Amino acid sequence: MTAIFTLLGTGGWIPTPRRETTCALLSMPEALFLFDAGTGLSRLLEERFSRELKAEREIHMFLSHYHLDHVAGLVYLPAMLKGCTVHLHPPAAEVTGLDPLEVIASIIRKPFNPTSLADMPVDILVEPVGEGEHSFCGVSVRVRRQVHADASVAFRVGDHLVFATDTSVDPGTAAFSAGVRLLVHEAWIDGLEEEDPATEYIARETYVAHTSARQAAALAAEAGVGELVLCHLNPLRSDDYHQQMLDSARHIFLPTMILEDGEELSI
Ligand SMILES: [Zn+2]
Ligand SMILES: [Zn+2]
């Protein structure tokens, strides 16, 4: 089975014209999955996606966590998925300690949005996912808890994809990703900061919630994945710095990429 993976938003925290915040599309013959609803969701308005979306009546959207750079796009859904049913899969209460329906309803409500969740012109069914194995449209989806500033989860879709964003480096991610074709992992800094006393504080602060490019590459190498994509790039860093991150990662794991928003990969 071939699946098409499109990273709609390659950035974290603050959207920029080049890099919207985190959102990814996985299009398979069996189903259409979205991961996170950052501002990158807005790229679905591009004409090349509209035919596919019109043909799809049921869409599964998985949320890694509730930080706004990953959920701001929930209120865009009527623009691109009107008439569709969206099965929304946030992490379950046992992972976050929060009632998922309550959290989603607190984002999609007045005065932040003109309508409440129940009155949205898109059917949004909140169906939380706990840790472990699930199946949607016959496709296996595994969920794993990560370590972030607030609780977050990673997703594994069969042997195609692991989507792991907003996590400090976690050795368990290697086993979780073993043999997968594509690992999409966040990278917030290069990792060279660790080696310089003048900047090691940046590494210390980052590692509470995020991962370096070097750490992500080491996980990919240990897991024996096919390819690694670095995502959730830091909008405060320059293109040159992002290139340096890529170079550092490739030194450890050669098939590493940084994508542009909207770039597709066959997996
Ligand atoms: Zn984020
Ligand atoms: Zn976050």
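Are Phe35 and Phe62 buried or exposed? Select the two residues in this predicted model, and you will find that both Phe35 and Phe62 are buried. Their ring centres are 5.3 Å apart and their planes meet at 20°, so the pair is stacked. Phe35 belongs to strand β3 (residues 32–35) and Phe62 to strand β4 (residues 58–62), and the contact thus links distant parts of the chain, 27 residues apart.

Keep Phe35 on display and add Phe155, which is likewise buried. These two rings form a tilted aromatic pair, with 5.8 Å from centre to centre and 50° between the planes. Since Phe155 lies in strand β9 (residues 152–157) and Phe35 in strand β3, the pair ties together parts that are 120 residues apart in sequence. Now extend the selection to Phe33, Phe136 and Phe163, which form one aromatic cluster together with Phe35, Phe62 and Phe155.

Move next to the zinc ion (ligand 2), where the coordinating atoms to pick out are His65 (NE2), His67 (ND1), His148 (NE2) and Asp166 (OD), at 2.2 to 2.3 Å. The angles among the 4 donor atoms run from 92 to 164°, and the site is irregular. The zinc ion (ligand 1) is 3.6 Å from the zinc ion (ligand 2), and Asp166 coordinates both. His65, in the loop between β4 and α2 (68–71), and Asp166, in the loop between β10 (161–164) and α6 (172–176), are 101 residues apart. His65 counts as buried at 1% relative accessibility, and Asp166 is buried with a relative accessible area of 2%.

Finally, select Arg237 and Tyr241, where the charged end of Arg237 sits over the ring of Tyr241, 4.4 Å from the ring centre.

Methods:
Residues numbered from 1 in each chain as written. Chains lettered and ligands numbered in written order. Predicted model: local features only at pLDDT ≥ 70, side-chain atom pairs only at ≥ 80, totals over all residues. Heavy atoms only, no water. Phe/Tyr/Trp six-rings, centres within 6.5 Å; stacked < 30°, edge-to-face > 60°. Helix = DSSP H or I, 4+ residues; strand = E, 2+ residues; numbered from the N terminus. Buried < 20%, exposed > 50% of the residue type's maximum accessible area, 1.4 Å probe, protein only. Lys NZ or Arg CZ within 6 Å of the ring centre and 35° of its normal. Donors = N, O, S within 2.8 Å, 3.2 Å for Na, K, Ca; no water. Tetrahedral: all angles 85-135°; square planar, octahedral: opposite > 155°, others 65-115°.
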